[in-house]
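User: Here's a model I'd like to go through with you. I'll keep asking how you know what you say, so have the cut-offs ready.

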Amino acid sequence: MSKEMENNSCEEERKAHSMTLYIPLGEGRSSFNLENAVCNHGFFMMAPNVWIPSTKTLKRPLRLADSSTSILTSISHPRNENSIHVLLHHTEYVSPKDQQVILDQVARMLRLSDRDEKDVKHFHQLQPKAKNMCFGRIFRSPSIFEDMVKSILLCNCTWRRTLDMAQALCELQFELKGQKRGRMTSRSTNRSKTKMSVNEELEYYSLGNFPNSMELNVLDEETLRSHCNLGYRAKIIIELARSIQNGEVQLNKFEKALPLDAKSMPKIYKMLNKKKGFGPFACANVLMCIGYYERIPTDTETFRHIKEIHGRNKVTDKDVKEIYNKYAPFQCMAYWLELCEYYQLKFGKLSELHRSKYHTITGSYKLCTSIPK
(Lines give C-alpha, C1' and ligand atoms only; values in the text may rest on other atoms or scores of the structure.)
Protein backbone atom coordinates (compact mmCIF):
# COMPACT_ATOMS: atom_id res chain seq x y z
CA MET A 1 0.00 0.00 0.00
CA SER A 2 1.36 3.44 -0.93
CA LYS A 3 2.02 6.08 1.75
CA GLU A 4 -0.79 8.27 0.38
CA MET A 5 -3.27 5.37 0.43
CA GLU A 6 -2.19 4.46 3.96
CA ASN A 7 -2.74 8.04 5.19
CA ASN A 8 -6.15 8.20 3.49
CA SER A 9 -7.10 4.89 5.12
CA CYS A 10 -6.07 6.18 8.56
CA GLU A 11 -8.01 9.40 7.97
CA GLU A 12 -11.14 7.46 7.05
CA GLU A 13 -10.69 5.28 10.15
CA ARG A 14 -10.46 8.37 12.38
CA LYS A 15 -13.58 9.92 10.85
CA ALA A 16 -15.49 6.67 11.33
CA HIS A 17 -14.91 6.98 15.08
CA SER A 18 -15.75 10.65 15.38
CA MET A 19 -18.67 13.05 15.49
CA THR A 20 -19.04 16.41 13.76
CA LEU A 21 -20.91 19.42 15.14
CA TYR A 22 -21.74 22.55 13.14
CA ILE A 23 -21.93 26.27 13.91
CA PRO A 24 -23.89 28.24 11.28
CA LEU A 25 -22.24 31.57 10.50
CA GLY A 26 -25.42 33.33 9.37
CA GLU A 27 -24.85 37.03 8.73
CA GLY A 28 -21.23 36.72 9.83
CA ARG A 29 -20.30 34.62 6.80
CA SER A 30 -19.10 37.60 4.76
CA SER A 31 -16.77 38.91 7.49
CA PHE A 32 -15.49 35.57 8.77
CA ASN A 33 -12.26 33.83 7.83
CA LEU A 34 -11.08 31.04 10.14
CA GLU A 35 -7.41 31.49 9.32
CA ASN A 36 -7.59 35.21 10.17
CA ALA A 37 -9.82 34.67 13.20
CA VAL A 38 -7.28 32.28 14.74
CA CYS A 39 -3.83 33.38 13.64
CA ASN A 40 -3.88 36.97 14.89
CA HIS A 41 -2.79 36.76 18.53
CA GLY A 42 -0.03 34.97 20.40
CA PHE A 43 -2.61 32.86 22.21
CA PHE A 44 -3.07 30.70 19.09
CA MET A 45 0.60 29.69 19.36
CA MET A 46 0.28 28.73 23.02
CA ALA A 47 -0.52 25.17 24.11
CA PRO A 48 -2.82 23.38 23.89
CA ASN A 49 -3.73 25.12 20.63
CA VAL A 50 -2.30 23.47 17.51
CA TRP A 51 -2.79 25.26 14.20
CA ILE A 52 -2.26 22.99 11.17
CA PRO A 53 -1.30 25.20 8.18
CA SER A 54 -1.77 22.52 5.53
CA THR A 55 -5.47 22.01 6.34
CA LYS A 56 -6.19 25.38 7.98
CA THR A 57 -7.48 23.53 11.05
CA LEU A 58 -7.30 24.40 14.75
CA LYS A 59 -6.83 21.36 16.95
CA ARG A 60 -7.07 21.28 20.76
CA PRO A 61 -8.89 19.59 23.65
CA LEU A 62 -12.14 21.15 24.86
CA ARG A 63 -14.07 20.53 28.09
CA LEU A 64 -17.32 18.64 28.45
CA ALA A 65 -20.13 19.78 30.74
CA ASP A 66 -18.59 18.13 33.82
CA SER A 67 -15.60 20.54 33.52
CA SER A 68 -13.29 17.59 34.11
CA THR A 69 -13.43 15.49 30.96
CA SER A 70 -11.76 16.79 27.79
CA ILE A 71 -12.24 15.72 24.21
CA LEU A 72 -9.87 16.36 21.32
CA THR A 73 -11.47 18.58 18.66
CA SER A 74 -10.56 19.81 15.20
CA ILE A 75 -12.13 23.09 14.08
CA SER A 76 -12.30 23.88 10.37
CA HIS A 77 -14.23 25.94 7.85
CA PRO A 78 -14.43 24.07 4.53
CA ARG A 79 -14.46 26.21 1.41
CA ASN A 80 -17.91 27.46 0.34
CA GLU A 81 -19.49 26.16 3.55
CA ASN A 82 -21.75 28.40 5.64
CA SER A 83 -20.92 26.57 8.86
CA ILE A 84 -17.87 25.91 11.00
CA HIS A 85 -17.17 22.20 11.42
CA VAL A 86 -16.17 20.91 14.87
CA LEU A 87 -14.87 17.34 14.66
CA LEU A 88 -14.88 15.40 17.95
CA HIS A 89 -12.21 12.69 17.90
CA HIS A 90 -12.54 9.15 19.28
CA THR A 91 -16.25 9.34 19.98
CA GLU A 92 -19.43 8.67 18.06
CA TYR A 93 -21.75 10.31 20.57
CA VAL A 94 -21.76 13.05 23.19
CA SER A 95 -24.86 14.24 25.00
CA PRO A 96 -26.77 17.33 23.79
CA LYS A 97 -25.59 19.15 26.92
CA ASP A 98 -21.95 18.34 26.15
CA GLN A 99 -22.45 19.35 22.52
CA GLN A 100 -23.69 22.78 23.55
CA VAL A 101 -20.80 23.28 25.97
CA ILE A 102 -18.32 22.42 23.20
CA LEU A 103 -20.00 24.76 20.72
CA ASP A 104 -20.03 27.57 23.28
CA GLN A 105 -16.27 27.20 23.74
CA VAL A 106 -15.63 27.29 19.99
CA ALA A 107 -17.90 30.33 19.61
CA ARG A 108 -16.01 32.09 22.39
CA MET A 109 -12.59 31.40 20.86
CA LEU A 110 -13.68 32.67 17.45
CA ARG A 111 -15.94 35.49 18.71
CA LEU A 112 -19.10 34.37 16.96
CA SER A 113 -21.74 36.13 19.06
CA ASP A 114 -24.13 38.76 17.72
CA ARG A 115 -22.26 41.36 19.74
CA ASP A 116 -18.93 40.29 18.23
CA GLU A 117 -20.40 40.58 14.74
CA LYS A 118 -21.67 44.07 15.56
CA ASP A 119 -18.20 45.06 16.84
CA VAL A 120 -16.52 43.72 13.71
CA LYS A 121 -18.80 45.75 11.43
CA HIS A 122 -18.32 48.90 13.53
CA PHE A 123 -14.54 48.54 13.48
CA HIS A 124 -14.54 47.96 9.71
CA GLN A 125 -16.29 51.30 9.29
CA LEU A 126 -13.52 52.99 11.30
CA GLN A 127 -10.70 51.07 9.61
CA PRO A 128 -11.57 49.91 6.05
CA LYS A 129 -8.23 48.09 5.78
CA ALA A 130 -9.44 45.68 8.46
CA LYS A 131 -12.47 44.78 6.33
CA ASN A 132 -10.27 43.91 3.37
CA MET A 133 -8.16 41.68 5.62
CA CYS A 134 -11.18 40.04 7.36
CA PHE A 135 -9.66 41.26 10.63
CA GLY A 136 -11.70 42.04 13.73
CA ARG A 137 -12.02 38.85 15.78
CA ILE A 138 -8.99 38.74 18.08
CA PHE A 139 -8.43 35.12 19.05
CA ARG A 140 -9.02 34.10 22.66
CA SER A 141 -9.30 30.95 24.78
CA PRO A 142 -12.36 28.76 25.35
CA SER A 143 -12.61 30.10 28.92
CA ILE A 144 -11.90 33.37 30.67
CA PHE A 145 -9.82 31.49 33.27
CA GLU A 146 -7.42 30.31 30.56
CA ASP A 147 -7.26 33.88 29.22
CA MET A 148 -6.43 35.20 32.70
CA VAL A 149 -3.67 32.68 33.36
CA LYS A 150 -2.16 33.16 29.91
CA SER A 151 -2.21 36.93 30.47
CA ILE A 152 -0.07 36.32 33.57
CA LEU A 153 2.28 34.11 31.55
CA LEU A 154 2.85 37.02 29.15
CA CYS A 155 4.23 39.27 31.91
CA ASN A 156 7.90 40.01 32.60
CA CYS A 157 9.52 37.32 30.49
CA THR A 158 10.55 36.39 26.97
CA TRP A 159 8.01 35.10 24.47
CA ARG A 160 9.90 31.78 24.30
CA ARG A 161 9.48 31.29 28.04
CA THR A 162 5.77 32.16 27.82
CA LEU A 163 5.33 29.38 25.24
CA ASP A 164 7.31 26.94 27.40
CA MET A 165 5.25 27.71 30.51
CA ALA A 166 1.96 27.17 28.68
CA GLN A 167 3.22 23.86 27.30
CA ALA A 168 4.38 22.78 30.77
CA LEU A 169 0.96 23.55 32.28
CA CYS A 170 -0.73 21.37 29.65
CA GLU A 171 1.76 18.56 30.27
CA LEU A 172 1.05 18.81 33.99
CA GLN A 173 -2.70 18.63 33.37
CA PHE A 174 -2.12 15.50 31.29
CA GLU A 175 -0.23 13.91 34.20
CA LEU A 176 -2.85 14.98 36.74
CA LYS A 177 -5.37 12.97 34.73
CA GLY A 178 -3.29 9.84 35.34
CA GLN A 179 -1.62 9.79 31.91
CA LYS A 180 2.05 9.42 31.13
CA ARG A 181 3.80 11.51 28.54
CA GLY A 182 6.79 10.58 26.46
CA ARG A 183 5.58 7.03 25.80
CA MET A 184 3.44 5.79 22.97
CA THR A 185 -0.02 4.56 23.95
CA SER A 186 -1.05 0.95 23.42
CA ARG A 187 -3.23 2.13 20.54
CA SER A 188 -0.21 3.51 18.71
CA THR A 189 2.28 0.74 19.57
CA ASN A 190 -0.06 -1.84 18.09
CA ARG A 191 0.22 -0.12 14.74
CA SER A 192 2.98 -0.83 12.28
CA LYS A 193 6.31 0.72 13.24
CA THR A 194 6.19 3.23 10.42
CA LYS A 195 6.62 6.89 11.33
CA MET A 196 3.44 8.57 12.56
CA SER A 197 1.77 10.99 10.19
CA VAL A 198 1.85 14.70 11.03
CA ASN A 199 -1.77 14.61 12.22
CA GLU A 200 -1.10 11.61 14.47
CA GLU A 201 1.91 13.31 16.05
CA LEU A 202 -0.09 16.48 16.69
CA GLU A 203 -2.90 14.40 18.14
CA TYR A 204 -0.56 12.65 20.54
CA TYR A 205 1.28 15.72 21.69
CA SER A 206 -1.83 17.87 22.15
CA LEU A 207 -3.70 15.54 24.50
CA GLY A 208 -3.11 17.65 27.60
CA ASN A 209 -5.66 20.41 28.07
CA PHE A 210 -4.97 23.74 29.74
CA PRO A 211 -5.66 23.17 33.47
CA ASN A 212 -8.77 24.76 34.94
CA SER A 213 -9.17 26.24 38.43
CA MET A 214 -10.50 22.95 39.84
CA GLU A 215 -7.39 21.06 38.71
CA LEU A 216 -4.95 23.73 39.90
CA ASN A 217 -6.71 24.09 43.24
CA VAL A 218 -5.39 20.70 44.41
CA LEU A 219 -1.75 21.70 43.85
CA ASP A 220 0.59 23.61 46.12
CA GLU A 221 2.64 26.56 44.97
CA GLU A 222 6.00 24.75 45.02
CA THR A 223 4.72 21.86 42.91
CA LEU A 224 3.37 24.23 40.28
CA ARG A 225 6.53 26.34 40.30
CA SER A 226 8.93 23.43 39.96
CA HIS A 227 6.95 21.45 37.38
CA CYS A 228 6.23 24.39 35.09
CA ASN A 229 9.10 26.84 35.80
CA LEU A 230 6.58 29.56 36.59
CA GLY A 231 8.65 31.51 39.11
CA TYR A 232 6.62 34.11 41.01
CA ARG A 233 3.63 33.40 38.74
CA ALA A 234 2.95 30.09 40.52
CA LYS A 235 1.67 31.86 43.63
CA ILE A 236 -0.51 34.24 41.60
CA ILE A 237 -2.07 31.40 39.60
CA ILE A 238 -2.68 29.19 42.64
CA GLU A 239 -4.30 32.07 44.53
CA LEU A 240 -6.50 32.86 41.52
CA ALA A 241 -7.58 29.22 41.22
CA ARG A 242 -8.40 28.99 44.93
CA SER A 243 -10.31 32.27 44.97
CA ILE A 244 -12.47 30.95 42.12
CA GLN A 245 -13.04 27.58 43.77
CA ASN A 246 -14.04 29.12 47.11
CA GLY A 247 -16.41 31.57 45.43
CA GLU A 248 -14.45 34.71 46.25
CA VAL A 249 -14.02 35.46 42.54
CA GLN A 250 -16.97 34.82 40.25
CA LEU A 251 -15.77 34.90 36.68
CA ASN A 252 -19.27 35.36 35.28
CA LYS A 253 -19.22 38.85 36.84
CA PHE A 254 -16.30 39.70 34.56
CA GLU A 255 -17.61 38.27 31.33
CA LYS A 256 -21.36 38.62 31.69
CA ALA A 257 -21.48 42.15 33.00
CA LEU A 258 -23.69 43.34 30.20
CA PRO A 259 -23.97 45.76 28.60
CA LEU A 260 -20.28 45.93 27.76
CA ASP A 261 -20.04 49.68 27.59
CA ALA A 262 -17.80 52.52 28.74
CA LYS A 263 -19.54 52.63 32.13
CA SER A 264 -19.03 48.93 32.85
CA MET A 265 -15.37 48.77 31.85
CA PRO A 266 -13.88 50.71 34.82
CA LYS A 267 -15.84 48.52 37.25
CA ILE A 268 -14.51 45.31 35.72
CA TYR A 269 -10.99 46.76 35.53
CA LYS A 270 -11.20 47.57 39.25
CA MET A 271 -12.37 44.02 40.06
CA LEU A 272 -9.49 42.54 38.08
CA ASN A 273 -6.92 44.94 39.46
CA LYS A 274 -7.72 43.83 43.01
CA LYS A 275 -6.24 40.42 42.24
CA LYS A 276 -2.54 40.03 42.93
CA GLY A 277 -0.52 39.94 39.72
CA PHE A 278 -3.08 41.74 37.59
CA GLY A 279 -1.44 45.05 36.82
CA PRO A 280 -2.31 47.40 33.93
CA PHE A 281 -0.99 45.08 31.19
CA ALA A 282 -2.68 41.89 32.39
CA CYS A 283 -5.93 43.73 33.15
CA ALA A 284 -6.03 45.33 29.70
CA ASN A 285 -5.32 41.99 28.06
CA VAL A 286 -8.16 40.29 29.95
CA LEU A 287 -10.49 43.18 29.12
CA MET A 288 -9.63 42.72 25.44
CA CYS A 289 -10.45 39.01 25.76
CA ILE A 290 -13.81 39.85 27.36
CA GLY A 291 -14.65 42.34 24.59
CA TYR A 292 -13.49 45.74 25.83
CA TYR A 293 -11.07 47.17 23.26
CA GLU A 294 -10.48 50.67 24.64
CA ARG A 295 -7.43 49.83 26.77
CA ILE A 296 -4.30 48.70 24.93
CA PRO A 297 -2.10 46.18 26.82
CA THR A 298 1.06 48.29 26.71
CA ASP A 299 4.49 46.77 27.32
CA THR A 300 7.98 47.10 25.88
CA GLU A 301 6.76 45.59 22.59
CA THR A 302 4.13 48.34 22.33
CA PHE A 303 6.72 51.07 22.86
CA ARG A 304 9.10 49.43 20.36
CA HIS A 305 6.30 49.24 17.80
CA ILE A 306 5.33 52.90 18.19
CA LYS A 307 8.95 54.03 17.96
CA GLU A 308 9.58 51.99 14.83
CA ILE A 309 6.25 52.37 13.00
CA HIS A 310 5.09 55.80 14.15
CA GLY A 311 8.50 57.46 14.51
CA ARG A 312 8.09 58.56 18.13
CA ASN A 313 11.34 58.93 20.05
CA LYS A 314 10.27 58.82 23.68
CA VAL A 315 7.02 56.89 23.94
CA THR A 316 4.56 57.45 26.78
CA ASP A 317 0.99 56.39 27.46
CA LYS A 318 -0.03 59.79 26.09
CA ASP A 319 1.48 58.86 22.71
CA VAL A 320 -0.43 55.58 22.68
CA LYS A 321 -3.71 57.39 23.28
CA GLU A 322 -2.91 60.09 20.73
CA ILE A 323 -2.28 57.52 17.99
CA TYR A 324 -5.16 55.14 18.61
CA ASN A 325 -7.98 57.17 20.18
CA LYS A 326 -9.36 57.96 16.73
CA TYR A 327 -10.43 54.30 16.57
CA ALA A 328 -12.41 54.45 19.84
CA PRO A 329 -13.90 52.25 21.19
CA PHE A 330 -11.64 49.81 19.31
CA GLN A 331 -8.18 51.18 20.08
CA CYS A 332 -6.83 47.75 20.99
CA MET A 333 -8.14 46.23 17.76
CA ALA A 334 -6.45 48.94 15.69
CA TYR A 335 -3.16 48.41 17.52
CA TRP A 336 -3.37 44.64 17.05
CA LEU A 337 -4.02 45.04 13.33
CA GLU A 338 -0.83 47.09 13.00
CA LEU A 339 1.15 44.58 15.06
CA CYS A 340 -0.05 41.64 12.94
CA GLU A 341 0.87 43.50 9.74
CA TYR A 342 4.34 44.22 11.15
CA TYR A 343 4.96 40.60 12.16
CA GLN A 344 3.78 39.27 8.81
CA LEU A 345 6.04 41.65 6.90
CA LYS A 346 8.98 40.56 9.03
CA PHE A 347 8.33 36.82 9.43
CA GLY A 348 5.83 35.86 6.74
CA LYS A 349 2.20 34.79 7.15
CA LEU A 350 1.64 33.80 10.77
CA SER A 351 -0.75 31.06 9.71
CA GLU A 352 1.96 29.41 7.60
CA LEU A 353 4.80 29.45 10.13
CA HIS A 354 6.13 26.18 11.48
CA ARG A 355 5.63 25.71 15.21
CA SER A 356 9.40 25.64 15.73
CA LYS A 357 9.48 29.32 14.69
CA TYR A 358 6.81 30.59 17.07
CA HIS A 359 9.33 31.77 19.67
CA THR A 360 10.80 34.19 17.13
CA ILE A 361 7.61 36.22 16.74
CA THR A 362 8.64 39.36 18.56
CA GLY A 363 9.85 42.70 17.30
CA SER A 364 13.14 42.37 19.15
CA TYR A 365 14.06 39.05 17.47
CA LYS A 366 16.92 39.37 15.00
CA LEU A 367 16.52 37.23 11.91
CA CYS A 368 19.66 35.20 11.23
CA THR A 369 18.22 32.95 8.57
CA SER A 370 15.26 33.28 6.26
CA ILE A 371 12.01 31.75 7.40
CA PRO A 372 10.25 29.63 4.78
CA LYS A 373 6.93 31.04 3.64
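User: Which residue of β5 stands opposite tyrosine 22?

Analyst: Histidine 85 in β5. Before we go on: this is a predicted model, where local features need pLDDT of at least 70, side-chain atom pairs count only at pLDDT 80 or more, and totals for chains, interfaces and linings use all residues. Residues are numbered from 1 along each chain as its sequence is written, and side-chain values use heavy atoms, with hydrogens and water left out.

User: What makes β1 and β5 a pair?

Analyst: Two strands pair if DSSP finds at least two bridges between them. β1 and β5 have seven, in the antiparallel sense, so they qualify under that rule. Strands here are DSSP runs of E with at least two residues, helices are runs of H or I with at least four, and both are numbered from the N terminus. On the next seam, β4 and β5 run antiparallel with four bridges, and isoleucine 75 faces valine 86 in β5.

User: Why are β1 and β2 called edge strands?

Analyst: The sheet is open, with five antiparallel strands ordered β1-β5-β4-β3-β2. β1 (18-24) and β2 (50-52) each have a single partner strand, so one side of each lacks a neighbour in the sheet. Neighbouring strands are turned by 30 degrees against each other on average, direction ignored; axes are lines fitted to C-alpha atoms, for helices over the stretch in contact, and angles run from 0 to 180 degrees between N-to-C directions.

User: What makes β5 mostly covered?

Analyst: Buried means under 20% relative accessible area, exposed over 50%, and partly exposed in between (1.4 Å probe, protein chains only). Seven of the seven residues in β5 are buried. Ser83, His85, Leu87 and His89 sit on one side, with Ile84, Val86 and Leu88 on the other, so to speak two covered faces.

User: How do you know that α4 has a regular helix length?

Analyst: The expected span is 1.5 Å times one less than the number of residues. For the 13 residues of α4 (114-126) that gives 18 Å, and the end C-alpha atoms are 19 Å apart, which agrees.

User: And what are the buried residues of α4, and why do they line one face?

Analyst: They're Asp116, Glu117, Asp119, Val120, Phe123 and His124. They fall within an arc of 160 degrees seen down the axis, so they line one face; the arc is that of the directions from the helix axis to the C-beta atoms. Asp114, Lys118 and Gln125 are exposed on the other side.

User: Why is the pair of arginine 60 and glutamate 146 called a salt bridge?

Analyst: The term needs a side-chain nitrogen of Lys or Arg within 4 Å of a carboxyl oxygen of Asp or Glu. Their closest N and O atoms are 3.1 Å apart, so the pair passes. Arginine 60 is in β3 and glutamate 146 in α6 (144-153), so parts 86 residues apart in sequence are tied together. Both residues are buried.

User: What about lysine 275 and glutamate 248?

Analyst: At 3.9 Å between the closest N and O atoms, they form a salt bridge too. Lysine 275 lies in the loop between α14 (264-273) and α15 (280-290), and glutamate 248 in the loop between α12 (233-245) and α13 (251-255), so the pair links parts 27 residues apart in sequence.

User: Is each partner buried or exposed?

Analyst: Lysine 275 has 15% relative accessible area, so it's buried. Glutamate 248, at 58%, counts as exposed.
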